[in-house]
Amino acid sequence: MVAVGVLAGLSVLSLLTYGYLAWDSLGLGPGDAEATRTGLGEERGAGAPSSQPHIIFILADDQGFRDVGYHGSEIRTPTLDKLAAEGVKLENYYVQPMCTPSRSQFITGKYQIHTGLQHSIIRPTQPNCLPLDNVMLPQKLKEVGYSTHMVGKWHLGFYRRECMPTQRGFDTFFGSLLGSGDYYTHFKCDSPGICGYDLYENDNAAWDHDNGIYSTQMYTQKVQQILASHNPRKPIFLYIAYQAVHSPLQAPGKYFEHYRSINNINRRRYAAMLACLDEAINNVTLALKKYGYYENSIIIYSSDNGGQPMAGGSNWPLRGSKGTYWEGGIRAVGFVHSPLLKNKGSVCKELVHITDWFPTLITLAEGQINEDIQLDGYDIWETISEGRRSPRVDILHNIDPIYTKAKNGSWAAGYGIWNTAIQSAIRVNHWKLLTGNPGYSDWVPPQAFSNAGPNRWHNERVSWSAGKTVWLFNITADPYERVDLSARYPDVVKQLLRRLSQFNKTAVPVRYPPKDPRSNPKLNGGVWGPWFKEDEKKKKSDKSKGANKQKKNKSKKKAN
């Protein structure tokens, strides 16, 4: 592999701006955990506490790479800044460019090409979900004694009851099944006339909780209730998948206070939403301390994909946005905060991917990973906690065979190794290759959100060279993807195309069925929920068998 210094002559700006805030603004610090405990945990517990850590995985929705204080944002995030500063910041951390793919890879440890979810997201009206033959993270944690709870956004399919979170390893579920919806009413319209309610408690619509409470605050209250009622001497897995800061852009009025000077209305609303989310995570952290979990806990924070500039998010100085395979779509805000870390207050620049959490957390939980489970993730705990080298040297960002083909792509452009009309992206060591149509590719600077915006923004737009379907970047030297090296290093291009081809040989067929009219909430009591009935399928198959028999009998009579 070509050395890191290929682009040493390039002048590259610093990717990160660090700014730390004091714990005073939060009221508590890690050292205050004992003082804040009520003793409730000790009274409820029986016997020695478990050596297995409590695992709290917090997934934000559509948070842009720049949209955290320690990346230089104008949006204040004191909780995230301090938790990250006293933990380990993941500054070479990758997710997928959209909701469903990131969530599926987190919970299975597998690339999209190995679950059939290579294309887009799971739509509300599709008879589709994360295939049932995949072993899920909460299932593995339950095997070793964990209590498993999910609060927030599911977005892994629900057309059958077997697809629901409580059927996939979670003891309890409180949240939404779809990808988005109103933060207060919890209603979602997929298309005109196809609308329904989307708030669940376990397997039933949570009408009793329909009190007009903003979802970020409502989910936090649920987390506090779970922590208050659980025995902290027994291990718990909490998957908190907040709806924020995904559109629609809604936030309680008090969070706009510090952002009235932001002229762009979408950015102002987005800032208020993120401020509320930051406060929510502070309240979760305080609850972990209050009820006796904190000292034996691992808190992981991650965004599910890059920000959407049209909806207020910012990925500057990275290129591209949510839904693309440019760095702005897949490079995420992420950190680990835990008293169990050995190298606290450090920055991890080793390669980490969202699939890595599956094997990492199972190993930390003292669980076993069966040999027959073909994982794409790696155990990276020593990389994070001790600063060791990452076992990961490559990431398949994706291969999407049914995405809109690039008009000028061809096998010839891919040296006979790969059809460059196909949308794909791969990272191997310092190199990143993209083919096909990688998506919206502008750099959107912070000025785009002010009155000074449009002229500067236009200056950052890309003029496409006709017929281009292959790009190569040295991401270590050029994290902003400004210098395409595909023409200069054709041998590297060929190597990465061969690696793509190898991955593609292991891909399973794409699951992306057409919409099913039976999914309409009007047919399900006004609620989005499972509509596919197994007995209906059997009846239909029985009818078809009967019809086939009748046809056979008729044909026999005619023959006689």
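The following exercises, with worked solutions, concern a predicted model.

**Exercise 1. The ten-stranded sheet**

Determine the strand order of the open sheet of 10 strands, and state which strands stand at its edges.

*Solution.*
Step 1. The order of the strands is E9-E8-E5-E4-E10-E1-E11-E12-E2-E13, and their pairing is mixed.
Step 2. Strand E9 (204-205) and strand E13 (346-348) each have a single partner strand, so one side of each lacks a neighbour in the sheet; these are the edge strands.
Step 3. Within the sheet, strand E5 (residues 172-176) and strand E8 (residues 200-201) run antiparallel and are joined by two bridges. Phe174 has Glu201 in E8 as its bridge partner.
Step 4. Helix H4 (residues 99-108) packs on this sheet and touches strands E1 (54-60), E4 (147-153) and E10 (236-241). The direction of H4 makes about 170° with that of E10.

**Exercise 2. Strand E15 and its connections**

Establish whether strand E15 is enclosed or open to its surroundings, and identify what it is joined to.

*Solution.*
Step 1. Seven of the seven residues of E15 (residues 394-400) are buried, so the strand is largely enclosed by the rest of the structure.
Step 2. Six bridges join E15 to strand E16 (residues 423-428), and the two run antiparallel. In E16, Gln423 is the bridge partner of Asp400.
Step 3. The side chain of Asp394 meets that of Arg499 in a salt bridge (3.1 Å, N to O). This pair links distant parts of the chain, with Asp394 in strand E15 and Arg499 in helix H12 (residues 490-504), 105 residues apart.
Step 4. Buried means under 20% relative accessible area. Asp394 has 8% and is therefore buried, whereas Arg499, at 27%, counts as partly exposed.

**Exercise 3. Two further salt bridges**

Describe the salt bridges Glu74 with Arg267 and Glu143 with Lys140 by their positions in the chain and their accessibility.

*Solution.*
Step 1. The search of the whole structure finds 23 salt bridges.
Step 2. In the bridge between Glu74 and Arg267, the closest N and O atoms are 3.0 Å apart. Glu74 lies in the loop between E1 and helix H3 (78-85) and Arg267 in helix H7 (residues 265-290), so the pair ties together parts 193 residues apart in sequence.
Step 3. Glu74 counts as partly exposed at 40% relative accessibility; Arg267 counts as buried at 1%.
Step 4. For Glu143 and Lys140, the closest N and O atoms are 3.2 Å apart. Because they are three residues apart in helix H5 (residues 137-143), about one helical turn separates them.
Step 5. Glu143 is exposed at 56% relative accessibility, while Lys140 is buried at 3%.

Conventions. Residues numbered from 1 in each chain as written. Predicted model: local features only at pLDDT ≥ 70, side-chain atom pairs only at ≥ 80, totals over all residues. Heavy atoms only, no water. Buried < 20%, exposed > 50% of the residue type's maximum accessible area, 1.4 Å probe, protein only. Helix = DSSP H or I, 4+ residues; strand = E, 2+ residues; numbered from the N terminus. Pairing = 2+ DSSP bridges. Contact = heavy atoms within 4.5 Å. Axes fitted to C-alpha atoms, helices over the stretch in contact; angles between N-to-C directions. Salt bridge = Lys/Arg side-chain N within 4 Å of Asp/Glu carboxyl O.
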